[in-house]
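Please examine the fold of the protein chain shown below. The report that follows treats its overall dimensions, its sheet, one of its helices and some details of its backbone.

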Amino acid sequence: MPLERIEGVLEVQDPDVGQVPLVFDSPHSGTDYPPNSKVVAPQAALDSGVDLYVHELFGTAPSHGAALLHALFPRMYIDPNRAADDIDLALIEGVWPLPVNPTEKSERGFGLLRRLVLPDVPLYGGPLPVAEVQMRLDRYYRTYHDTLVRLLDQRLDWFGAVWHVNCHSMKPVGNAMNDDAGVKRPDMVLGDRMGTSCDRAFAAFVAERLEAEGLTVKFNDPYQGAELTHAYSDPVAGRHSLQIEINRGLYMNDETFERTAGFGALAAALDRLIGSLAAYSMDEAGRL
Ligand SMILES: [Zn+2]
């Protein structure tokens, strides 16, 4: 299995035989913290923002012919699932040379750069120099995006269409930074940007396979999908992106961050899902 690794940045498993038009990416499961003296948040708070184990849950994707990309850097460092201009300028020291477009995510403290790790827990003790933020954008954010685009474009070229699953985890109950504070969440939330980032049949197929595994599924509530589901999707052009948020309560202890006994059963269910999706993507591409 060819393995591409850029130390501290990302890893790609891209099968060289038996490919299918299917790409999985896990942008938030990285845990390699680059040294940064400005960070003041406690390590446990930093770790709570990681989609821990998510790339491992989808670890059999390459054996089904799908590519699997995952970030090695943490989303607290720079978040690949935000627009590059979703920047809170209060976090930058000096004059930022590019236009910014801070969304409500930056306002709530989790834009491209995090202000808050958890409600009322700031990440940094002071602003970051312009050059530091530019380095993070170039070396981490853009490298991640460029790699994802390459994997998607290759498959679009080979098969005429590509199906992309953007993989995440969610806390079992929303906190004060979330839209659904205090609400108990289902096992899985599928986000298709309210029906715009992929063929509805694809989202429905994934939901049906998950429900057949006994899992509860909701669409677009509270997560509709963010930058990585939005940026490269174009269902009319054969580019389908779907976000999947997995309830951490199924496979890990959200206090100790340890895997629980449910991990193996969930990984097996996801392996069956990936196998079904590999067949689905080949069938659909064969119809083009
Ligand atoms: Zn995530």
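For a chain of 288 residues, a compact globule would have a radius of gyration near 19 Å, and the protein chain agrees with this at 18 Å. The model is a predicted one. Along the principal axes, the C-alpha atoms of the protein chain fill a box of roughly 55 × 40 × 35 Å. Of the 288 residues, 41% count as buried. Among contacts between residues at least 6 apart in sequence, 76% join residues that are at least 24 apart.

**The sheet**

The protein chain contains seven helices and 12 strands. Eight strands form an open sheet with mixed pairing, in the order 1-2-4-3-9-12-10-11. Strand 1 (3-6) and strand 11 (217-219) each have a single partner strand and stand at the edges, so one side of each is left without a neighbour in the sheet. From one strand to the next, the twist averages 20°.

One pairing in this sheet joins strand 3 (residues 22-26) to strand 9 (residues 162-170), in the parallel sense and over four bridges. Phe24 has Val165 of strand 9 as its bridge partner.

**Helix 5**

Helix 5 (residues 200-212) comprises 13 residues and reaches 18 Å from its first C-alpha to its last, close to the 18 Å expected at 1.5 Å a residue. Which residues of helix 5 are buried? They are Phe202, Ala203, Val206, Arg209 and Leu210. Seen down the axis of helix 5, these buried residues fall within an arc of 130°, so they line one face of the helix. A general property of helices is relevant here: an α-helix has 3.6 residues a turn, so residues three or four places apart point the same way.

The buried residues of helix 5 pack against strand 9, strand 10 (188-191), strand 11, strand 12 (239-247) and helix 7 (262-286). The face turned away from the buried side carries the exposed residues Arg200, Ala201, Glu208 and Ala212. Helix 5 is followed by Gly214, whose phi is positive, near 85°.

**A buried glycine in a loop**

Gly49 lies in the loop between helix 1 (43-47) and helix 2 (54-57). Is Gly49 buried or exposed? Gly49 is buried, because 20 other C-beta atoms lie within 10 Å, and a residue counts as buried at 20 or more. Apart from its neighbours within four places in sequence, Gly49 is in contact with Arg75, Met76 and Val117. Gly49 and Ala71 are 22 residues apart in sequence, and their C-alpha atoms are 14 Å apart in space.

**Backbone details**

Most residues other than glycine have a negative phi, and most peptide bonds are trans. The table lists three places in the loops that depart from these habits.

| Residue or bond | Backbone angle | Citation |
|---|---|---|
| Asp120 | phi near 65° | |
| Met194 | phi about 55° | |
| Asp221 to Pro222 | omega near 5° (cis) | |

Asp120 is placed in the loop between strand 6 (116-118) and strand 7 (121-122). With 9 C-beta neighbours inside 10 Å, Asp120 counts as exposed. Met194 is in the loop between strand 10 and helix 5, and Met194 is also exposed, with 10 other C-beta atoms within 10 Å. Pro222 belongs to the loop between strand 11 and helix 6 (227-230).

Methods
Residues numbered from 1 in each chain as written. Predicted model: local features only at pLDDT ≥ 70, side-chain atom pairs only at ≥ 80, totals over all residues. Pairing = 2+ DSSP bridges. Helix = DSSP H or I, 4+ residues; strand = E, 2+ residues; numbered from the N terminus. Axes fitted to C-alpha atoms, helices over the stretch in contact; angles between N-to-C directions. Rg over C-alpha atoms; globule rule 2.2 N^0.38 Å. Buried ≥ 20, exposed ≤ 12 C-beta atoms within 10 Å, placed from the backbone. Contact = placed C-beta atoms within 7 Å. Expected span 1.5 Å × (residues − 1). Arc of directions from axis to C-beta.
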